[in-house]
Amino acid sequence: MKFLVCISHVPDTTTKITFTPDGKAFNTAGVQFIINPYDEMALTRALELKESLGGTVTVLNVGSAVTEPTLRKALAIGADDAIRINAEPTDALFVAAEIAAIAKNEKYDIIFGGRESIDYNGCQVMTMVAEFLELPSVAIATKLDITGTTATLEREIDGGKEIVSVNLPFVVSAQKDFAEPRIPNMRGIMSARTKPLKVTEPISALKPTTSVAFQTPPPKSECKMISPENPGELIQLLHTEAKII
Amino acid sequence: MPILVYAETWDGKFKKPSFEAMTYAFELAKSTNDTVTAIVIGPATDDELKRAGEYGCTKVLHAGDGKYGSFNPSAFTAVIADCVTSENAKTIIFSQTYSGKSLAPRLAARLKAGLVSGAIALPSTTSPFVVRKKCFSSKGFTDVEVSSDIKIISVFPNAHHIAANNVSANIQAVNPVIAESLFNTKVNEVKKTSGKIALTEAEIVVSGGRGLKGPENWGMVEELADALGAATACSKPVADMGWRPHHEHVGQTGITISPNLYIAIGISGAIQHLAGVSSSKVIVVINADKEAPFFKIADYGIIGDAFQVVPKLTEAVKQLKSSH
């Protein structure tokens with residue numbers, strides 16, 4: 001099996017988010033970057049499937065050279081090789097078109113990614129890749145198993161789960177439960193240094209959206225404290241003051 | 001030119017986020033002097049389809065053929081794309097539900113359109129076309145400018161209100177020719193979380209954390225939720241320890257919600273948890289630790305023992321409901 005895992009380079013989940021004073025960009029000063037958590041779950045499942053079925057796992061990122069440590073980490077976890085498309089990932093359609101341009105010549109059996117990146121929260125790229133490549137897609141999957149050339153997946157839907165089957169090749173985006181991420185061991189970290197990391201230049205795909213301004217949420221007003229002796233007062237306030245019950 | 005809205009159904013009935021999306025489309029159409037056309041795929045009765053008129057849709061395109069009985073992203077996208085062409089629409093509205101997340105990006109790729117997913121407000125201007133959404137898992141907002149001719153917006157559930165805008169809806173059956181090869185995923189089974197309110201759509205959510213000490217203590221959380229007509233949720237450690245199922249986990253790596261009221265019981269408020277709930281309209285925090293960071297973003301707080309406080313809250317809710 002030939003697997004491709006698309007990974008994003010995102011701020012660590014504990015990051016306190018700030019923007020540049022002009023409000024035009026994310027302030028990256030002092031920020032620790034990680035593999036997007038959902039992408040890491042996708043990568044882990046791809047590695048598990050490779051171990052049971054044989055094959056290769058390639059990781060891909062659209063980003064500038066600063067994302068290479070993130071790709072190296074994916075190699076340390078166990079991916080065989082990496083591709084970096086040398087462009088800023090500012091628009092989902094652009095990123096998806098760039099990924100599709102690489103994937104269309106490679107005949108991957110499954111193209112994996114996370115359900116969304118935790119920076120722009122678009123939930124767009126993987127499904128767009130599927131449409132560009134005219135492949136089936138299963139979004140927000142919590143389980144994936146393969147029998148022969150058919151995969152069975154569980155995906156989340158509002159108010160429940162769906163069990164879906166699909167023939168290879170296809171595109172999947174991972175949700176929590178998909179796999180338990182692995183911590184790279186010393187051997188993995190050492191071998192990651194010498195695994196191939198190929199840099200390619202982008203085709204010039206369309207960028208139909210631009211984030212023109214950023215803002216942090218307005219500070220909350222003071223929390224109104226209610227005595228634990230009289231919780232009923234809270235219910236009255238929610239009814240008469242907040243008017244939500 | 002009409003604004004199109006994809007109106008999702010469940011068991012043949014419109015879902016609540018569909019009415020939010022219809023209202024959003026109607027309010028946008030009013031500012032640009034357009035009309036709203038709804039697209040419905042899958043089985044639904046004419047009586048149900050007519051309800052789209054209550055929320056401002058003057059036309060409903062219904063692809064009700066039996067082959068659309070179960071969800072299929074490629075085929076559904078092709079149907080929507082066909083409607084975009086036949087209606088000559090330039091703006092398409094979705095709700096950012098699980099189905100919306102499977103369809104809107106496909107449509108965007110197909111039409112080379114810019115997509116703003118998880119919009120929380122109407123466009124601030126339509127020329128240039130700028131829409132606000134959350135980013136960095138609710139730790140920030142961004143204004144996204146869409147420059148393509150066709151524009152797609154998916155609206156974050158619970159972020160836009162529902163308003164009645166009574167018009168008469170003209171229902172039109174459509175059955176475009178869709179290649180058999182696009183029916184490429186097969187739904188074998190749908191497992192419904194029975195009888196419960198879907199967390200992403202709930203107006204009130206009652207959530208528990210490690211402070212509840214063990215899964216056996218969730219009865220009082222459920223009782224409060226039942227009294228309020230609320231969904232239940234939990235923090236990440238609670239899901240990780242297996243006290244509650246993962247689909248209840250709200251937070252940065254769980255589900256992001258924005259209910260009208262979020263009640264957090266025994267949750268300290270780690271930054272990752274706040275990311276998933278901070279856009280709730282009103283936040284109530286009940287915690288024994290007065291230093292819990294959650295109090296900083298709460299609207300109402302009770303410092304106290306959940307085991308004492310929560311049953312009293314349930315009583316007070318029942319009293320309030322019985323007196324109205």
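Let's start with the open sheet. There are 6 strands, in the order 13(A)-18(B)-17(B)-16(B)-14(B)-15(B), and the pairing is parallel. Note the chain letters: strand 13 comes from chain A, and its neighbour in that order, strand 18, from chain B. Keep in mind that this is a predicted model.

Which strands sit at the edges? Strand 13 of chain A and strand 15 of chain B, residues 231–234. Each of these pairs on one side only. Between neighbouring strands of the sheet, the average turn is 20°, direction ignored.

Now the joint between the chains. Strand 13 of chain A covers residues 224–226, and strand 18 of chain B covers 300–303. They run parallel, joined by 3 bridges. One pair to find on screen: K224(A) has Y300(B) as its bridge partner.

Move one strand along. Strand 17 of chain B, residues 282–287, also runs parallel to strand 18 of chain B, and here there are 4 bridges. Look for N287(B), whose partner in strand 18 is I303(B).

What packs on this sheet? Helix 6 of chain A, residues 232–240, for one. It touches strand 13 of chain A, and from chain B strand 16 (261–265), strand 17 and strand 18. The direction of helix 6 makes about 175° with that of strand 18 of chain B. Helix 8 of chain B, residues 306–322, packs on the sheet as well. Its contacts are strands 16, 17 and 18 of chain B, and its direction makes about 135° with that of strand 17 of chain B.

Step back to the whole interface. How many residues of each chain are in contact? 76 from chain B and 65 from chain A. On the chain B side, the classes are 33 nonpolar, 28 polar and 15 charged residues.

Next, chain B on its own. It is divided into domain 1, residues 3–182, and domain 2, residues 199–322. The domain centres, taken over C-alpha atoms, are separated by 32 Å. Each domain gives 10 residues to the contact between them. The domain 1 side of that contact has 4 nonpolar, 3 polar and 3 charged residues.

Stay in chain B, and go to strand 9, residues 129–135. Why call strand 9 largely enclosed by the rest of the structure? Because 6 of its 7 residues are buried.

Strand 9 of chain B takes part in two hairpins, so to speak one at a time. With strand 8, residues 125–126, the pairing is antiparallel over 2 bridges. T125(B) is partnered by V130(B) in strand 9. The hairpin from strand 8 to strand 9 passes through 2 residues.

Then strand 10 of chain B, residues 140–146. Strand 9 and strand 10 run antiparallel, with 7 bridges. V131(B) finds its partner in V144(B). This hairpin has 4 residues between the strands, and F136(B) takes a positive phi there, near 50°.

Last stop: helix 2 of chain A, residues 68–77. Is helix 2 mostly covered or mostly open? Covered: 7 of its 10 residues are buried. The buried set is T70(A), L71(A), K73(A), A74(A), L75(A), A76(A) and I77(A). Note that a lysine, K73(A), is in that set. After the helix comes G78(A), with a positive phi near 145°.

Definitions and conventions:
Residues are numbered from 1 along each chain as its sequence is written. Chains are lettered from A and ligands numbered from 1 in the order in which they are written. This is a predicted model: local features need pLDDT of at least 70, side-chain atom pairs count only at pLDDT 80 or more; totals for chains, interfaces and linings use all residues. Two residues are in contact if their C-beta atoms, placed from the backbone, lie within 7 Å. Ala, Val, Leu, Ile, Met, Phe, Trp, Tyr, Cys and Pro count as nonpolar, Asp, Glu, Lys and Arg as charged, and the others, Gly among them, as polar. Two strands pair if DSSP finds at least two bridges between them. A residue is buried if 20 or more other C-beta atoms lie within 10 Å of its own, exposed if 12 or fewer, and partly exposed in between; C-beta atoms are placed from the backbone. Axes are lines fitted to C-alpha atoms, for helices over the stretch in contact, and angles run from 0 to 180 degrees between N-to-C directions. Domain bounds come from an automatic or database domain assignment.
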